[in-house]
Amino acid sequence: MVLLKMKFNQQRRVRLAQGLWLLSWLAVMCGAFIFCLGVYLKTELLRRDEVMENTEIHVVPNILMMVGLASIGTNWVATRVCQDSLDASRFPRWKVLLLAWFVVAALLCCLLLAVVVLSYALQGRLEESLKVGLRNGIRFYKDTDVPGRCFQKETFDRLQMEFRCCGNNNFKDWFEVQWVSGRFLDYTAQEVKDRIRSNVDGRYLLDGVPFSCCNPASPRPCLQYHLTDNRAHFNYDYLSEDLNLYSRGCRQALTDYYMGLMNSTGPGVLSVILIQVSVILSLRYLQTAVEGAMALENPEGDSEGYILEKGVKETFEEVKVKVLTMIKLAQVDPEGVPDEAEAEKAADTATEKAASPTPAS
Amino acid sequence: MSVGKVTFTKVEREKLAEVLWLLNWISVVTGAILLGMGLFLKMEIQKWQEVMSEQGVLYVPHMLITTGLAACGINFLGGKICLDCADTNKFLRWKLVMMPYVICTFFFTACILAGALMCYSIRSQLEESLFLGLRHSMRYYKDTDTPGRCYLKRTLDLLQIQFQCCGNTGYQDWFQIQWISSRYLDLRSVAVVDRLRNNVEGKFLMDSVPFSCCSPLSPRPCIQQQLNRPLAHFNFDQQSQHLNLWRRGCRQALLDHYTVIMQSISLVVLLIWLFELLVLTGVRYLQTAMENVIRVGDPESESEGWILENSLAETARSNFNIIKNLGKCYQVDDDPNIDVPAMMAEQEIKSEQVQVQRTS
């Protein structure tokens, strides 16, 4: 029982070949688009590399770039096949390659689906990575004289200004860290000594934030220091003041940004998957129709095109048997005689079984 | 003696018509580019409209937009005309339109040149506009509760952050205005009252700047207060002071930003102008060649094309006479069929004089 059989006369075959040629070139452009998408995503992730602890999320753009390049090559091969399909002398050389082509194309579709799934699934890992990276960024904010960390301050300030966020979860993260370097502290001043003595580690902690946390939309000039002290500023209430600083944490801001990027590429990737699947199906029809036509006495006559020669189950069984025989062939040499002895034993038991019912009947 | 006379065979005329058709279509594309650049410039100026004092600067993008639209229209028409010019019969349809079309194209090409030159000349006007606009914005920075001015603070903060600048000419401009609203000043405090009494106008002036002047490149946390007294801060040496705030004034920053945009736009417009000049010359040659063919009467023969029929001086003189005589259409001329009472009166006076002489 053939799966999804369709009749093709010569004209329909020609139309199919032409349409598929156009569709394949469209698929080549889609492959280029997927590659560019991967490159863009990777650049965006690399730009904020310093506040991410690990690069697990990079698997998404890496797969996109790989699939994009492979898709360009695969669909270009499909265009060549289409061009040669109507020429009976040139088509046979593609016969061997086509099975491999179908496998590769199906694999590409699966990888694209996997990318869509991964971009949702890796959100938790991204957040973890950002949490640790931002914590380190805040901790090393003051170390502008330590080689390797001297740009942390600038990076973090620009990050907070660009993404309109403050701290890791919120602005209170800055209260727990010494973000003013000891080089700029007057250790003889009473205030400084008090603050250093007020905590176990001897750090200069204050209820203040850097200037990059300031919100330009606030109606009053920015208050950065003595934030928890209502009496330090006129007409100020710590609990109800929400416009003074950015209320969002940078981890949330960055996660939203990257999730937004990946979600907006979702529909594009899904439509590329659809196009690739239609190329695969159309090429299968073309292959079977042209092969059927070449087998006829009159090559211009009608032929049938189908997806699978037998039904899905039977094809699956056949493929399973083929794969198992291939595995067994690979195992014959090392095991040698025992296999043959087993086969003889199996044959003996079969003949015994055949012999045994006869006395009963 | 014609200016730029060239002889065209029939084949050459047809070739010229085809080439001009193609060039006209390319001109439609360049017209669209002109339109796009005008729209882009308009958007860029409108983005920071609040820190500019008058909107006179907008006439440049408006000029570019109208010229771009005119370019698309005129060159589209020109494409149709040139396509028809390859055939003498079809040309007769357009015969009357050709001369006005050439004149329109000439004026419109002059407009393109004017647009390009305007982009260069606008710099001084822009600087003045920015100076006044920034001074105005800084003065009303604190008025976040006044309708119509409540977003000036945010605009100015975002401007200083994005363009990495501070104040009008430099950060000291903030020392001369009160940028903290009285709503947030404790007017009962002695320190505040002292400051208010310190100057004639009763403004709360401080040697401090808003947070948006802070530079992230500084190795130390930003120092915004008491900038005139470096000793008030620990270890605040010259280098720290240099890196602490943005040194550039916002007027200079915005001026540089717009100058770059306008210079690149005017370069592209000049190139488009040269291209349009080429198209204009070609169309003029085609027009004169086709008219001469019709004058000769034989469509297959050679004809001459030129830019001007007579020399430059004679053409200028004849055009000037045409313009002069345009105003004289209601005056009397020497047509004998017209009743001229003035001349009869003169004759009567003369005959009387003769009679008087005879009698005397």
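I began with a charged pair in chain A of this predicted model, where the side chains of A:Asp143 and A:Arg149 meet in a salt bridge at 3.0 Å, N to O. I then looked up how far each partner is covered: A:Asp143 counts as buried at 12% relative accessibility, whereas A:Arg149 is partly exposed, with a relative accessible area of 31%. The charged end of A:Arg149 also sits over the ring of A:Phe140, 3.8 Å from its centre. Turning to chain B, I found the charged end of B:Arg149 over the ring of B:Tyr140, at 3.7 Å from the ring centre.

Next entry, on further salt bridges. I noted that the structure holds 30 of them over all chains, and I followed a few individually. A:Asp201 and A:Arg203 meet through their side chains at 3.3 Å, N to O, in a salt bridge; I recorded A:Asp201 as exposed, with a relative accessible area of 55%, and A:Arg203 as partly exposed, at 30%. In chain B, B:Arg188 forms a salt bridge with B:Asp186, their closest N and O atoms being 3.4 Å apart. Here B:Arg188 counts as exposed at 71% relative accessibility, while B:Asp186, at 24%, counts as partly exposed. I also traced a network of salt bridges that links A:Glu44, A:Arg47, A:Arg48 and A:Glu162.

Next entry, on aromatic rings. The count I obtained is 19 aromatic pairs over all chains. One of these, formed by B:Tyr171 and B:Phe175, is edge-to-face, with 5.9 Å from centre to centre and 75° between the planes. I looked up the accessibility of both residues: B:Tyr171 is buried, with a relative accessible area of 18%, and B:Phe175 counts as buried at 13%. In chain A, ring pairs link A:Tyr141, A:Phe156, A:Trp174, A:Trp179 and A:Tyr225 into a cluster.

Last entry, on the interface. I found 26 residues of chain A in contact with 27 residues of chain B, and the two chains bury about 2,400 Å² between them, 66% of it on carbon and sulfur atoms. On the chain A side, A:Phe184, A:Pro216 and A:Phe234 lose the most area to chain B, together 27% of what that side buries. I sorted the residues of chain A that touch chain B into 14 nonpolar, 5 polar and 7 charged. Between chain A and chain B I counted 0 salt bridges, but across their interface I did find 6 residue pairs in polar contact, with both residues at pLDDT 80 or more.

How values were computed:
Residues numbered from 1 in each chain as written. Chains lettered and ligands numbered in written order. Predicted model: local features only at pLDDT ≥ 70, side-chain atom pairs only at ≥ 80, totals over all residues. Heavy atoms only, no water. Contact = heavy atoms within 4.5 Å. Buried area = accessible area lost by both parts, 1.4 Å probe. Salt bridge = Lys/Arg side-chain N within 4 Å of Asp/Glu carboxyl O. Polar contact = N/O pair within 3.5 Å; in protein donor to acceptor, adjacent residues only side chain to side chain. Nonpolar A, V, L, I, M, F, W, Y, C, P; charged D, E, K, R; others polar. Phe/Tyr/Trp six-rings, centres within 6.5 Å; stacked < 30°, edge-to-face > 60°. Buried < 20%, exposed > 50% of the residue type's maximum accessible area, 1.4 Å probe, protein only. Lys NZ or Arg CZ within 6 Å of the ring centre and 35° of its normal.
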